[in-house]
Amino acid sequence: MTQNGTVVRLSGVRKTFGAHTAVDDFDLEIEPGTIYGLLGPNGSGKTTTIRMMMGILLPDGGAVELFGGAPDFARRSRVGYLPEERGVYEKMKVLDQLVFFGEIRGVARGLARSRAEKWLERLGLSEWASKKVQALSKGMQQKVQFISTVLHDPELLILDEPFSGLDPINQDVLEEIVLEESARGKTILFSTHLMEQAERLCERVCLISRARKVLDDDLKELKRRERSGAVAVEFDGEAPPVATWPGVSEVEEAGDALHLTLGDGARPEEILAKVVTAGVSLRRFELLEPRLHEIFVRHAGEPAEDDAPLKTGGAS
Amino acid sequence: MKQIWSVIRREYVERVKTRAFILSTLGMPLLMIGIMAIVGFVAVLSEQSERQIVLVDQSGQLGERVRQALEQAGYEVELAAAGVDMENLDQQVLDEELEAYIVLDDTTASEAVFAYRGKEPPGSVRSQLMRAAVVEEIVDLRLGQMEDGDSVRRLFEGGALEYEPVGLDEEEAEEAEAERITGMITGIAGGLILYIMMLAYGAQTLQSVLEEKQSRVVELVISSLRPWQLMLGKIVGVGAVGLTQVAIWIACVALLAGLALPSLIAAASDFEELAQFRQYLPGPGAILLLVVFFLLGYFLYSSLFAAVGAMCRNLQEAGQTQAPLIILIIVPFMLQMMTFQGNSMPWMNWVALFPFFSPIMMYPRAVMGDVPTWMVAASIVLMALTVWGAAWVAGRIYKVGILSQGNRPSPRELIRWIREA
């Protein structure tokens, strides 16, 4: 699938609820085919931003564009939206519910049914197809809702905290699906407070803290730019006296490895040359990339006390 | 358009499948059939309980008359001579060969007091029947002995008011009377159906809207459907459920009239009078008018109920907010109950023109022929205009309300919603 032009564009968007500013002066552009991560602690304005993209909330200032125009009905129907708060018809049967959502998004009844059945099988829910949704666990309900998000094969997936509430196995399945959909040319925007997930999946990230955008960049680019120059080395046998080497300002033991922080001007290649001439047997030599979490903290500071803590892994 | 169909179908199918719908739909006819069956069963039982009774006549003049009266009331009577051995009869009662026997004496002839001798007192039905038979015969006998007995007898019968329609011959008058009764039955039943439908199914629309808002499903649905489409689909779906229910009820009545009744009459000629009720069934015109009033009334109220559902956050809030609508439905119903008897207050016809009252008040008037045709037509036009206006306002409230998770709007905010939506 080929897409032209920016898929989502926010410019100078602001949203307040009474005295509380939820989103302030927010710019965002999502190019077709990207996997975009909207990152930030709980309460930082991710969901409000997404709800404005979907036309559920109207911004108090600035402009929201979907596929180059106002997020009207026709454009919204090209989006697959998974809201943060799970909305399901609890008393409907799983398959009936999926067919209904497919239908109102313009998929013919029969096709919606066969697609739904395929997805249910893929997500291990086939035997629940004729059960009422309320009989399912929260995690299963979430998978059902994810299916209803993708059933009409939308160009853009907007997923608000898609991984929360899923066990690690299902998180993996969902990650796999996200990557697959991306490979099929879909644009994907998802919000998360799980930095590890974002690190694995995203091509581009946008960090939000306290209603404002802090960073917005290509993830690889960001990491390269934020690289501190630290290296990890691991030796077989006795380690050379790395602390005395020029350019090494600090040494830290991390398990079997040593993490070397390099001083100003020192380059990793020089250290590698030193290792080679030291005549020890080297098991690992690696440029340490900064973790997204560190980058975030560096730019936004530690989350304020009343914010929920930023998590670096695991399910919440 | 296709999407609206999906919404209608979902709303309809999910509702018709619920236990509540099945119970309320089948419950009503079953209840009616049950009551009729019990009445019939009791009648049959009392026939079967026809027992032998021995009648001892010591007065010498009542015996034969009372025997006939009791036999007509369904007893098998053995008339014993005055000199019969009462101890022997008592013994038979004690041996349970005889349930009881009746003794008529001179006091009976003068005061209609008589003895019932048995091991157990008579049941209330039996004592009523027997007393009535005896008293009637004695009164009859005594009146027959009087000079102007016939006149007194007629006084006892309670006299009569004879309606003499001016300007109609007898046949026309009978027809008019039958029509009046038909209109009355149709009007009462139709008014009741409209009342129940607007109240019950209007409230269901509210519930349906509120559920979607509370669970936030609406945010998903609304990304594929325009708000008015969703609202329309909901109202039509819920209304179709209501129509289904009424249709099932009407079918039950028709089935009863067409099948059950003739066989019932064939089985027991006592039910013959029931056959008359068939002639009072409403014609197609009255049913068509009912559908028109149902559609207008239901759309009017359910769109407003939908707006209330969209305004509120939970059922408690909705309970308070819907109060004005409930009052608008209950008031005409009470007014209607007051005026069903005759057309004593012609100004009420003008009240019935008020569109919010029309379904419940104008429909019965129309089928009873209490109002001129132009008034019925005017009320339909007025209602249609009101439905249009209400749908416009409700649609705008709905559009803003379903996505708003904040407090219930104040009247001023509500006006802003309507203006800005």
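Begin with chain B coloured by confidence: its mean pLDDT is 84, and 91% of its residues score at least 70. The model is predicted, and the predictor assigns the complex an ipTM of 0.74 and a pTM of 0.73.

**Confidence along both chains**

Select helix α2 of chain B, residues 19-48, where confidence in that chain is lowest, at a mean of 76. Then select α16(B), where confidence in chain B is highest, at 93.

Turn next to chain A, which also has a mean pLDDT of 84, with 93% of its residues reaching 70 or more. Among its elements, helix α10 (residues 292-300) has the lowest mean pLDDT, 77, and helix α4 (residues 109-122) has the highest, 94. Continue to residues 303-316 of chain A, over which pLDDT stays under 50. For this stretch the model has 27 contacts beyond four places in sequence.

**Chain A as a whole**

Display chain A by itself as a C-alpha trace. Along its principal axes the trace spans about 70 × 45 × 40 Å. Switching to a cartoon shows ten helices and 13 strands in chain A.

Colour residues 8-224 of chain A as domain 1 and residues 228-287 as domain 2, following the domain assignment. The centres of these two domains of chain A, taken over C-alpha atoms, are separated by 43 Å.

How much of chain A is buried? Buried residues account for 39% of its 316 residues. As for contacts in chain A between residues at least 6 apart in sequence, 70% of them join residues at least 24 apart.

**Where the chains meet**

Bring chain B back into view and select the residues in contact between the chains: 18 come from chain A and 16 from chain B. On the side of chain A that touches chain B, the elements giving two or more residues are α2 (73-76), β5 (79-82) and α3 (94-104) of chain A. Which of these elements gives the most to that side? α3(A) does, with three residues. Coloured by class, the side of chain A that touches chain B shows eleven nonpolar, two polar and five charged residues.

**The domains of chain B**

Hide chain A and colour the two domains of chain B, with domain 1 at residues 51-156 and domain 2 at residues 176-420. A distance drawn between their centres, taken over C-alpha atoms, is 57 Å.

**Helices α16 and α17 of chain B**

Select helix α16 (residues 373-401) and helix α17 (residues 411-420) of chain B, whose axes come within 8 Å and cross at roughly 100°. At that angle, α16(B) is roughly perpendicular to α17(B). Show the side chains that make the contact: Val393(B), Arg396(B), Ile397(B) and Val400(B) belong to α16(B), while Leu414(B), Trp417(B) and Ile418(B) belong to α17(B). The residues of this contact divide into six nonpolar, no polar and one charged.

Remain on helix α16 of chain B and select Trp374(B), which is found there. Is Trp374(B) buried or exposed? Trp374(B) is exposed, because just 8 other C-beta atoms lie within 10 Å, and a count of 12 or fewer places a residue in that class. A distance label from Trp374(B) to Asn88(B) gives 80 Å, C-alpha to C-alpha, for residues 286 apart in sequence.

Next select Met338(B), in helix α13 (residues 323-339) of chain B. Met338(B) counts as exposed, with 11 C-beta neighbours inside 10 Å. From Met338(B) to Trp392(B), 54 residues along the chain, the C-alpha atoms are separated by 34 Å.

**Two loop residues with positive phi**

The last stops concern the backbone. Most residues other than glycine have a negative phi.

Select Ala112(B), in the loop between α5 (106-111) and β4 (115-118) of chain B. Phi of Ala112(B) is near 60°, a positive value in a residue other than glycine. Ala112(B) is partly exposed, with 17 other C-beta atoms within 10 Å.

Finish at Arg216(B), which lies in the loop between α8 (170-215) and α9 (217-221) of chain B. Phi of Arg216(B) is also positive, near 65°. Why does Arg216(B) count as partly exposed? Arg216(B) has 19 C-beta neighbours inside 10 Å, whereas a buried residue needs 20 or more.

Terms used: Residues numbered from 1 in each chain as written. Chains lettered and ligands numbered in written order. Domains from an automatic or database assignment. Helix = DSSP H or I, 4+ residues; strand = E, 2+ residues; numbered from the N terminus. Contact = placed C-beta atoms within 7 Å. Axes fitted to C-alpha atoms, helices over the stretch in contact; angles between N-to-C directions. Parallel < 35°, antiparallel > 145°, perpendicular 65-115°, else oblique. Nonpolar A, V, L, I, M, F, W, Y, C, P; charged D, E, K, R; others polar. pLDDT = per-residue confidence, 0-100.
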